[in-house]
Amino acid sequence: MGAQKSIHAGKAKIDVNVDFTHKLCASLMLPTLRSTGSPFSLVIGSLCIKHPNLFGGSEKLDVSWDKGLYDSNVFVAYRRPRPEWLAQQSFVLQHSLSPEIGIHGIPVNNFSRSGSGGINLSRLSVGMDLKEPASSKWSSTTSIKFEHVRPLNDDGRAICRDYDGFPLTSSGNPHDSMVVLKQESQFAKANDNSFFHFNLQIEQGIPVLSKWIIFNRFKFVASKGIKLGPAFLLTRLTGGSIVGDMAPYQAFSIGGVGSVRGYGEGAVGSGRSCLVANSELTLPLNKMLEGAIFLDFGTDLRSGHLVPGNPALRQGKPGSGIGLGYGLRFKSQFGHFQVDYAINAFQQRTLYFGLSNLAS
């Protein structure tokens with residue numbers, strides 16, 4: 001239910017993808033976030049432009065634009081060639097617009113879904129990435145970026161308070177500005193029967209100006225996969241915390257796909273800290289189809305009241321939750337499709353659809 005096209009213009013490559021599938025999946029999964037004003041708003045798609053030799057010195061330019069039903073993202077990266085033993089530099093510009101569901105979304109249907117709270121986030125970031133030369137198992141990336149965040153209502157107007165009158169920004173103004181130094185390290189180890197992956201992200205807000213946000217935020221994800229005969233067991237542990245200044249949108253949201261299934265996005269809770277554990281056992285049914293059973297658990301470690309305005313308490317979120325269920329995984333040369341059926345602690349059932357687009 002989509003179309004894809006690759007075009008070569010000189011040395012540049014242009015990939016265009018228009019997909020109507022998301023309209024069907026979203027209608028089955030999500031409550032209405034807002035009215036859709038035109039047929040174009042029901043289409044998702046992407047545009048990607050790559051140039052491998054922009055100025056004749058192997059400089060690379062990547063430009064991408066992704067549009068969803070309610071969100072969009074523009075990403076521009078310029079990379080200059082450097083010797084392999086030196087860190088690879090990338091100059092990055094990114095702008096995104098998306099509904100802020102994880103923190104200010106309203107849980108409905110016994111927390112199984114999250115509706116819009118009428119708040120959207122516009123993020124602009126400009127900066128530089130430095131990717132260190134990878135060792136056999138470790139890799140790391142350091143970045144420094146200026147970020148500008150503006151909360152918007154559904155009409156696109158800047159707002160600084162939610163419907164209950166609580167601030168949406170750390171500064172109390174219609175926007176937050178910050179310079180963020182980020183270090184991301186990854187460790188990966190794999191063999192024929194198992195794999196282990198660890199990712200650690202540390203962010204530091206730098207007080208260039210007195211009104212800019214000063215904070216320290218870290219997040220880790222540890223994954224382990226083991227073959228058990230024909231079956232495969234995957235476990236994952238995710239956690240994080242933030243200290244210092246913070247805006248509500250910087251809190252950790254818990255619940256939803258990739259977190260605790262059986263709940264809507266952020267419907268379990270939101271806090272200064274979090275811990276989420278996932279386990280999934282898959283068993284092949286044939287060459288293209290797998291069956292899966294899973295168990296998820298997440299908690300805000302009783303830190304929800306430390307988020308400015310305490311949005312989790314005002315929305316009645318429990319702060320911890322457990323979800324379990326089963327699903328199907330369909331794999332083919334055209335992409336991956338999955339269906340999950342989950343139940344949460346409130347015995348509310350939820351059906352999830354997931355689709356992976358084709359590789360170019």
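**Entry 1: strands S11 to S13**

I began with strand S12 and strand S13 (residues 215-228) in this predicted model. The two run antiparallel and are joined by 11 bridges. Within that pairing, I found Phe198 opposite Ala222 in S13.

Next I looked at the other partner of S12. Strand S11 (residues 176-190) pairs with strand S12 (residues 194-206), again in the antiparallel sense, and I noted 12 bridges for this pair. Here Phe198 of S12 has Phe187 opposite it. How many residues sit between S11 and S12 in their hairpin? I noted 3 residues there.

**Entry 2: the whole chain**

I then stepped back for the overall numbers. The protein chain has 3 helices and 21 strands. Of its 360 residues, 40% are buried. I also looked up how contacts are spread along the sequence: among those with a separation of 6 or more, 56% are between residues 24 or more positions apart. The accessible surface of the chain is about 19,200 Å², and carbon and sulfur atoms hold 60% of that.

**Entry 3: a nonpolar patch**

Back to S13, since Ile226 lies in that strand. Which residues share a nonpolar surface patch with Ile226? I listed Leu228, Leu281, Ile293 and Tyr326. Together the five residues of the patch have about 450 Å² of accessible area. Ile226 itself counts as partly exposed, because its relative accessibility is 33%.

**Entry 4: cysteines**

I searched the whole structure for disulfides and came away with 0. For the bench notes, a disulfide is a covalent bond between the sulfur atoms of two cysteines. I checked two cysteines for burial anyway. Is Cys274 buried or exposed? Cys274 is buried, because its relative accessible area is 7%. Cys160 has 26% relative accessibility, so I put it down as partly exposed.

**Entry 5: salt bridges**

The same kind of search, run over the whole structure, gave me 12 salt bridges. I went through some of them one by one.

My pick to start with was Asp129 with Lys145, whose side chains meet at 3.8 Å, N to O. Asp129 is in strand S9 (residues 120-131) and Lys145 in strand S10 (residues 138-152), so this salt bridge ties together parts that are 16 residues apart in sequence. Are these two partners buried or exposed? Asp129 counts as buried because its relative accessibility is 19%, and Lys145 counts as buried because its value is 16%.

Then I turned to Lys331 and Glu290, which form a salt bridge with their closest N and O atoms 3.8 Å apart. Lys331 sits in strand S19 (residues 320-332) and Glu290 in strand S18 (residues 289-299), so I wrote this down as a link between distant parts of the chain, 41 residues apart. Lys331 is partly exposed, with a relative accessible area of 39%.

Another pair is Asp340 and Arg329, with side chains meeting at 2.6 Å, N to O. Why do I say that this pair ties parts of the chain together? Asp340 lies in strand S20 (residues 335-344) and Arg329 in strand S19, so the salt bridge spans 11 residues in sequence. Both Asp340 and Arg329 are buried. I followed their shared partners and reached one network of salt bridges, made up of Arg261, Glu280, Asp296, Arg329 and Asp340.

**Entry 6: Asp129 and Met128 in S9**

I finished with a closer look at strand S9, starting from Asp129, which has its place there. What does Asp129 touch, leaving aside neighbours within four places in sequence? My list reads Gln88, Gln89, Ser90, Val92, Thr141, Thr142, Ser143 and Lys145.

Met128 is in strand S9 too. I have Met128 as partly exposed, because its relative accessible area is 23%. With neighbours within four places in sequence left out, Met128 is in contact with Gln89, Ser90, Phe91, Thr142, Ser143, Ile144 and Lys145. I also looked up one spacing: the C-alpha atoms of Met128 and Thr142 are 8.5 Å apart, with their positions 14 residues apart along the chain counted as separation.

Methods. Residues are numbered from 1 along each chain as its sequence is written. This is a predicted model: local features need pLDDT of at least 70, side-chain atom pairs count only at pLDDT 80 or more; totals for chains, interfaces and linings use all residues. Side-chain values use heavy atoms; hydrogens and water are left out. Helices (H or I, at least four residues) and strands (E, at least two) are DSSP runs, numbered from the N terminus. Buried means under 20% relative accessible area, exposed over 50%, partly exposed in between (1.4 Å probe, protein chains only). Contact means heavy atoms within 4.5 Å. Accessible areas come from the Shrake-Rupley method with a 1.4 Å probe; for residues, only the protein chains shown count as cover. Two strands pair if DSSP finds at least two bridges between them. Patches are made of residues with over 30% relative accessible area and no salt bridge: like charges are joined within 9 Å, nonpolar side chains (Val, Leu, Ile, Met, Phe, Trp, Tyr) within 5 Å. A salt bridge is a side-chain nitrogen of Lys or Arg within 4 Å of a carboxyl oxygen of Asp or Glu. A disulfide is a pair of cysteine sulfur atoms within 2.5 Å.
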